[in-house]
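Colleague: I'm new to reading structures, and the labels confuse me. Could you show me the model and let me quiz you on the words you use?

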Amino acid sequence: MDLDVGLGLRQGEAFGLAEEDFDFDAEVVHVRRQLRWDSKGRPYFCLPKGGKTRISPLSPNPAKRVQDHLRRFPSTACTLPWRNPEPPTTELEARQRKPITVRLVLSTSQGNRINPSMWNKLSWRPALAKAGLLKAIGEKTHGGRSRRYPVYELSRADILHAIRHTYTSTQLEAGESIVSVSEWLEHVSPQTTLKHYAHSVPGAGKRGLAAMDEWFDQDPQLNVPEMYLGARKPPTGYEPVGQNGIRAR
């Protein structure tokens, strides 16, 4: 999905993205919510993972694809409870769970919100199988109906979250700052990003070595900041030059 590759979104964030979240002039997207479903099959909106909103940059090509999509498939108004689909029992819960209405960018062919479980089963995995990336290992009926659906092999590589890894790896391999990418992904810290994607950082460990090698390749002269010289007098024939170190007269 273009939204996941272009913005590094989680699945629920992509399905909860609204037209009003896009600021095409500023070239950013406001990731304000995700679409979730509880164990009883009830949909609701809530904050993204980690309980925080974020702003992700939007490059021109993904922006154009979103605009083309919206021209072909106008956004659909969707009203759902916020935070929890259970009926409120107190005034506080009523305020916390007050439904919100947004215009969803992604919806079903009938204009409904997307159930990720059904989407994975009926759209995502068949697409992977057609591309030769997943194998069907059997068939089963759904809900006692006569219609049969293929059963696919299980693999973590086939989940939509893998596309988020593509976004991250592409950014880091292009030389983008780990701190920036970590903020766009809403990771707990840059250390989390580095832990999982250090292999994607180009020249990791080599740039520091190159800088040190260049340092030793310079003219052999003392280049120690004055603050570290203490009360020691510079060697005869040298004069101080402030915080840049000392040089020969």
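Colleague: Let's begin with α5. Which residues in α5 are buried?

Modeller: Those are W119, N120, W124 and L128. Keep in mind that this is a predicted model.

Colleague: How do you know that the length of helix α5 agrees with what it should be?

Modeller: Helix α5 covers residues 116-130, which is 15 residues. At 1.5 Å a residue it should span 21 Å, and its end C-alpha atoms are 19 Å apart, so the two values agree.

Colleague: And where does α5 have a kink?

Modeller: Look at W124, where there's a kink of about 30°. The proline P126 comes shortly after it.

Colleague: What sits at the two ends of α5?

Modeller: At its start, a side-chain oxygen of N115 comes to within 2.9 Å of the backbone nitrogen of S117. After α5 you get G132, which has a positive phi, near 80°.

Colleague: Now the rings. How many aromatic pairs are there?

Modeller: The count is 3 aromatic pairs. One of them is F15 with W119, with 5.5 Å centre to centre and 75° between the planes.

Colleague: Why is the pair of F15 and W119 called edge-to-face?

Modeller: Ring centres must lie within 6.5 Å to pair, and planes over 60 degrees apart count as edge-to-face. With 5.5 Å and 75°, F15 and W119 pass on both counts, so the label fits. This pair also links distant parts of the chain: F15 is in helix α2 and W119 in helix α5, 104 residues apart. Both F15 and W119 are buried.

Colleague: What makes W119 and W124 a stacked pair?

Modeller: Here the planes must be under 30 degrees apart. W119 and W124 have 15° between their planes and 5.8 Å centre to centre, so they count as stacked. Both of these are buried too, and ring pairs join F15, W119 and W124 into a cluster.

Colleague: Let's turn to E13. Why is E13 called buried?

Modeller: Buried means under 20% relative accessible area. E13 has 0%, so it's buried. You'll find E13 in helix α2.

Colleague: What does the side chain of E13 make a polar contact with?

Modeller: Its partner is the side chain of R10, at 2.9 Å. Leaving out residues up to four places away in sequence, E13 also touches V31, R33, Q34, P48, K49 and R54.

Colleague: How do you know that C46 and C78 are buried?

Modeller: Use that 20% cut-off again. C46 has a relative accessible area of 12% and C78 has 7%, so both count as buried. As for disulfides, the structure holds 0.

Colleague: Why does D25 count as exposed, but E27 as partly exposed?

Modeller: Exposed means over 50%, and D25 has 78% relative accessibility, so D25 is exposed. E27 has 42%, which falls between 20% and 50%, so E27 is partly exposed. D25 is in the loop between β1 and β2, and E27 is in the loop between β1 and β2 as well.

Colleague: How far is D25 from L58 in space?

Modeller: They're 9.9 Å apart, C-alpha to C-alpha, and 33 residues apart in sequence.

Colleague: One last thing: what is phi like at E27 and at R83?

Modeller: Phi is positive at E27, near 60°, and positive at R83, near 80°. Neither E27 nor R83 is a glycine. R83 lies in the loop between β6 and α4.

Notes
Residues numbered from 1 in each chain as written. Predicted model: local features only at pLDDT ≥ 70, side-chain atom pairs only at ≥ 80, totals over all residues. Heavy atoms only, no water. Helix = DSSP H or I, 4+ residues; strand = E, 2+ residues; numbered from the N terminus. Expected span 1.5 Å × (residues − 1). Bend = angle between axes of the 7 residues up to and from the residue. Buried < 20%, exposed > 50% of the residue type's maximum accessible area, 1.4 Å probe, protein only. Polar contact = N/O pair within 3.5 Å; in protein donor to acceptor, adjacent residues only side chain to side chain. Phe/Tyr/Trp six-rings, centres within 6.5 Å; stacked < 30°, edge-to-face > 60°. Disulfide = S-S within 2.5 Å. Contact = heavy atoms within 4.5 Å.
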